[in-house]
Structures are given as C-alpha cells and as structure tokens.
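This briefing summarises the computed features of one protein for use at the bench. The structure is shown first, and the points that follow are grouped by topic.

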Amino acid sequence: MKEDTTNNESFKKRLMENLSDIVDPELGVDIVNLGLIYGVKLDDHGKCLITMTLTVAGCP
C-alpha cells in the first residue's frame with residue numbers, strides 16, 4: 001500500500017502543534033520545544049507511534 005505523504009505530513013504537523021500545548025509543569029516549557037519528541041510515525045492502519053523521552057525518570 002502506497003503511503004499518502006501529504007496526509008501524513010499534515011497529520012504530523014497538527015500532532016506536533018497539539019503536543020506543543022503540553023507544558024512540563026516544573027520547567028514551564030512545552031515538550032516539543034524541550035526536544036523530548038524524537039519521532040512521529042503513522043502506520044497504514046492509522047495508528048500513531050510517538051517516540052519521546054521524559055524530563056526525569058520519575059516524571060508522571
């Protein structure tokens with residue numbers, strides 16, 4: 001199945017915009033600008049995989 005890159009890129013852009021609304025409560029900076037999001041993939045079934053890290057090991 002051929003990947004629809006236009007729709008995927010549009011989805012990734014909207015997803016990153018929404019993720020930028022999530023602010024680390026201790027640092028006061030969003031998780032996108034902190035550089036915690038390493039990758040976003042959308043598979044052929046519409047499932048999204050976000051690769052990220054937390055600011056500290058015990059972060060809720």
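A residue is called buried when its relative accessible area is under 20%, exposed when that area is over 50%, and partly exposed in between. Of the 60 residues in the protein, 15% are buried. The structure is a predicted model, with a mean pLDDT of 84 for the protein.

**Fold and confidence**

- The protein contains one helix and two strands, which follow the pattern α-β-β along the sequence.
- A pLDDT of 70 or more is reached by 88% of the residues.
- Among the elements, β2 has the highest mean pLDDT, at 92, and α1 has the lowest, at 86.
- Of the contacts with a separation of 6 or more, 25% join residues that are 24 or more positions apart.

**Nonpolar core**

- The largest nonpolar core consists of six residues, namely Leu 15, Leu 19, Ile 31, Leu 36, Ile 37 and Val 40.
- Helix α1 and strand β1 (37-42) each contribute at least two residues to this core.
- Leu 36, a member of the core, touches Ile 31, Thr 51, Met 52, Thr 53 and Thr 55, when residues up to four places away in sequence are not counted.

**Surface**

- The accessible surface of the protein amounts to about 4800 Å², and carbon and sulfur atoms account for 53% of that area.
- A nonpolar patch on the surface is formed by Ile 50, Met 52 and Leu 54, which together have about 240 Å² of accessible area.
- Met 52 belongs to strand β2 (residues 48-52).
- With a relative accessible area of 39%, Met 52 is partly exposed; this value lies over the 30% that a residue must exceed to be part of a patch.
- Met 52 therefore has a place in the surface patch and is also among the residues that Leu 36 touches.

**Salt bridge**

- Side chains of opposite charge can pair when their charged atoms come close.
- The count of salt bridges comes to one, and the pair is Glu 9 with Lys 12, whose closest N and O atoms are 3.9 Å apart.
- The cut-off for such a pair is 4 Å, so the distance of 3.9 Å qualifies.
- Glu 9 and Lys 12 are three residues apart in helix α1 (residues 5-19), and are therefore separated by about one helical turn.
- Both partners are partly exposed: Glu 9 has a relative accessibility of 48%, and Lys 12 has a relative accessible area of 23%.

Conventions: Residues numbered from 1 in each chain as written. Predicted model: local features only at pLDDT ≥ 70, side-chain atom pairs only at ≥ 80, totals over all residues. Heavy atoms only, no water. Salt bridge = Lys/Arg side-chain N within 4 Å of Asp/Glu carboxyl O. Helix = DSSP H or I, 4+ residues; strand = E, 2+ residues; numbered from the N terminus. Buried < 20%, exposed > 50% of the residue type's maximum accessible area, 1.4 Å probe, protein only. Patch = residues over 30% accessible without salt bridge, like charges linked within 9 Å, V, L, I, M, F, W, Y side chains within 5 Å. Areas by Shrake-Rupley, 256 points an atom, 1.4 Å probe, with all protein chains shown as cover. pLDDT = per-residue confidence, 0-100. Core = buried A, V, L, I, M, F, W, Y, C linked by side-chain atoms within 4.5 Å. Contact = heavy atoms within 4.5 Å.
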